[in-house]
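Please open the structure in your viewer and keep the selection box at hand. This tour goes from stop to stop, with something to select at each one.

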Amino acid sequence: MTRRTRDFSVLIGTTGVVLLLLVATGALGLIEALSALGVIASVAVAYFAGSAARVPRGVSQSWAEQAAPEPAEASSALLSALPLPALEIGPGQKIAAYNRPADDLFQLANLPFARASAVIRSPVLLSAIDQALERPMTGTFSAELETGPDETWRAHVSRIPSGKNVLVLLEDLTPVKRAARARADFLANASHELRTPLTAVSGFIETMRGPAKDDTAAWPRFLDIMAAETDRMRRLIADLLSLSRIESSEHMLPRGREDFAEIVSASIAALQPIAAEQGVSLKVEAPAEAIREITAHRDELIQVVENLVSNAVKYSKPGNEVTLRFGAAPSLAEARTTASQRWDISQRMTLLQALARSQLPEPAVWLRVEDQGPGIEREHLPRLGERFYRADQSRGGRITGTGLGLAIVKHIMAHHRGGLAVETLLGQGTAFGVWMPAARE
């Protein structure tokens, strides 16, 4: 029995019961009651048959009722299925429906019966909504909206077919725009960095061919400069290839299980001769207890340790000491604190936040590299980890490098779902800390 049939049956039955009660009390005769019941039943049956929805032959009435939801419910279900922020706007710019992404963006749950003009600040988009509400439109209106200094959205406005409402779909273009700007900056900086040593090498070649052709005594000095510039190009290209390889596989988690303490020891052994050559001593403070294994790419983590320690050696004077500490922690939060928050009055900044694999605390490992250099001014800290940003720009400009070392460290730690932070004291030193989840049992 369908819902409509049940409703009409209840109506006729209730009327019959009332008539019987009237007959029983003597207020109405039996013949009059039966006649009234017949008339009421005839009218009800006629109304039931005339108001029934037309359905194709072979299709039951119950199926038609189940397959035809109310317009508001159908609209809400459609909006809920969309992954992008979407609004259904009716006459007067009233927001008739919205989905969860739109609520997260505009906080519409706190604004019942809001109008589009109360949450949308773009005159271009509001004008397009008004035009779509006033007259039918064919196709979809699209426009890019600059909603902030570094935020871009694309709005799609279309009239709902056979309706008066308008559908507004919002697409966040900010990541795409940032990636395009980063790519353009990367190519511009890479070409500039390569052009400088190439120009130097080309200039000395022309000098040796021309004015200094017969001045063979000056050739060794020219050749030394050319060798240094060539080595600079080689290191830059190697860093670019390394960074490109890491970025291309950043979405794929490492699978190998490695001994974190052994990786640190191997890296320090390789850097001891370089530090000794510059008169800098390396001090390692290893934990007394054993450290759990990590799920990692061995070569990448060796590169992290070598980049951090070599940077510390670069900015240290002869006689200074570079201290390397590492250990384990019961959670990522404690690992972050231990690795990057050891000085009381320092300037700190987290350059990369570690991504937890679960809601529960999980064991982690950490590494901290401290130097006794001049430190870094606070205004330069947010830029650490950018491609081609050289920390020596904030330390007097006396150190040369590719400016990709910290960018490589940052991407490697992102690949391992780890974190990166800096802590500095002007005139006393700088420390970089990294941390990452330990391998699961």
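What follows is a walk through a predicted model.

**Stop 1: the open sheet**

Start with the strands β7, β9, β11, β13, β12 and β10. In that order, these 6 strands form an open sheet with mixed pairing. Look at its edges: β7 (281-285) and β10 (347-352) each have a single partner strand, so one side of each lacks a neighbour in the sheet. Turn the view to follow the twist, which averages 15° from one strand to the next.

**Stop 2: along the strands**

Select β9, residues 321-329. Is this strand mostly covered or mostly open? Of its 9 residues, 7 are buried, so count β9 as mostly covered.

Now look to the neighbours of β9. With β7 it pairs in the parallel sense, over 5 bridges. Pick Val284 and you will find Leu324 of β9 opposite. With β11 the direction changes: β9 and β11 run antiparallel and are joined by 7 bridges. Pick Ala328 here; its bridge partner in β11 is Val365.

Move on to β11, residues 364-370. It runs antiparallel to β13 (residues 429-437), and 7 bridges join the two. Arg368 stands opposite Gly433 in β13.

**Stop 3: a helix on the sheet**

Add helix α13, residues 405-415. It packs on the sheet and touches β10, β12 (419-425) and β13. Its direction makes about 25° with that of β13.

Colour α13 by burial. Here 10 of the 11 residues are buried, so the helix is largely enclosed by the rest of the structure. Among the buried ones are Leu406, Ile408, Val409, Ile412 and Met413. Step just past the helix to Arg417, which follows α13 and has a positive phi, near 60°.

**Stop 4: two helices together**

Keep α13 and add α11 (residues 298-314). The two helices pack at an angle of about 145°, with their axes 9 Å apart. Their crossing is left-handed.

Which residues meet here? From α11, select Glu300, Leu301, Gln303, Val304, Asn307, Leu308 and Asn311. From α13, select Gly405, Leu406, Ile408, Val409, Ile412, Met413 and His415. By class, this contact has 8 nonpolar, 5 polar and 1 charged residues.

**Stop 5: His297**

Select His297, in the loop between β8 (294-295) and α11. Its relative accessibility is 34%, so His297 counts as partly exposed. Set aside its neighbours within four places in sequence, and His297 is in contact with Pro254 and His416. Then find Ile412. It lies 115 residues from His297 in sequence, yet their C-alpha atoms are 9.2 Å apart.

**Stop 6: the nonpolar cores**

Show side chains for the largest nonpolar core, which has 50 residues. Which of them touch the most other members? They are Val309, Leu324, Leu367 and Leu384. Helix α11 gives this core its largest share, 8 residues.

A second core is separate and has 24 residues. Select Val119, Trp153, Val157 and Val168 to find part of this second core.

**Stop 7: strand β1 and its partners**

Select β1, residues 86-90. How many of its 5 residues are buried? The count is 5 of the 5, so β1 is largely enclosed by the rest of the structure. In a regular strand, side chains alternate between the two faces of the sheet. Check both faces of β1: Ala86, Glu88 and Gly90 are buried on one side, and Leu87 and Ile89 are buried on the other.

Bring in β5, residues 166-172. It pairs with β1 in the antiparallel sense over 4 bridges. Ile89 has Val166 of β5 as its bridge partner.

Then add β2. β1 and β2 run antiparallel, joined by 4 bridges. Leu87 stands opposite Tyr98 in β2.

**Stop 8: positive phi values**

Stay with the hairpin of β1 and β2, which has 3 residues between its strands. In the turn, Gly92 has a positive phi of about 75°. Gln93 lies in the loop between β1 and β2, and its phi is also positive, near 60°. With 11% relative accessibility, Gln93 counts as buried.

End at Gln107, in the loop between α5 (100-106) and α6 (116-119). Gln107 is not a glycine, yet its phi is positive, about 55°. Gln107 is partly exposed, with a relative accessible area of 45%.

Terms used:
Residues are numbered from 1 along each chain as its sequence is written. This is a predicted model: local features need pLDDT of at least 70, side-chain atom pairs count only at pLDDT 80 or more; totals for chains, interfaces and linings use all residues. Side-chain values use heavy atoms; hydrogens and water are left out. Two strands pair if DSSP finds at least two bridges between them. Axes are lines fitted to C-alpha atoms, for helices over the stretch in contact, and angles run from 0 to 180 degrees between N-to-C directions. Contact means heavy atoms within 4.5 Å. A nonpolar core is a set of buried Ala, Val, Leu, Ile, Met, Phe, Trp, Tyr and Cys residues joined through side-chain atoms within 4.5 Å. Buried means under 20% relative accessible area, exposed over 50%, partly exposed in between (1.4 Å probe, protein chains only). A crossing is left-handed if the near helix is turned anticlockwise from the far one by less than a right angle, and right-handed if clockwise. Ala, Val, Leu, Ile, Met, Phe, Trp, Tyr, Cys and Pro count as nonpolar, Asp, Glu, Lys and Arg as charged, and the others, Gly among them, as polar.
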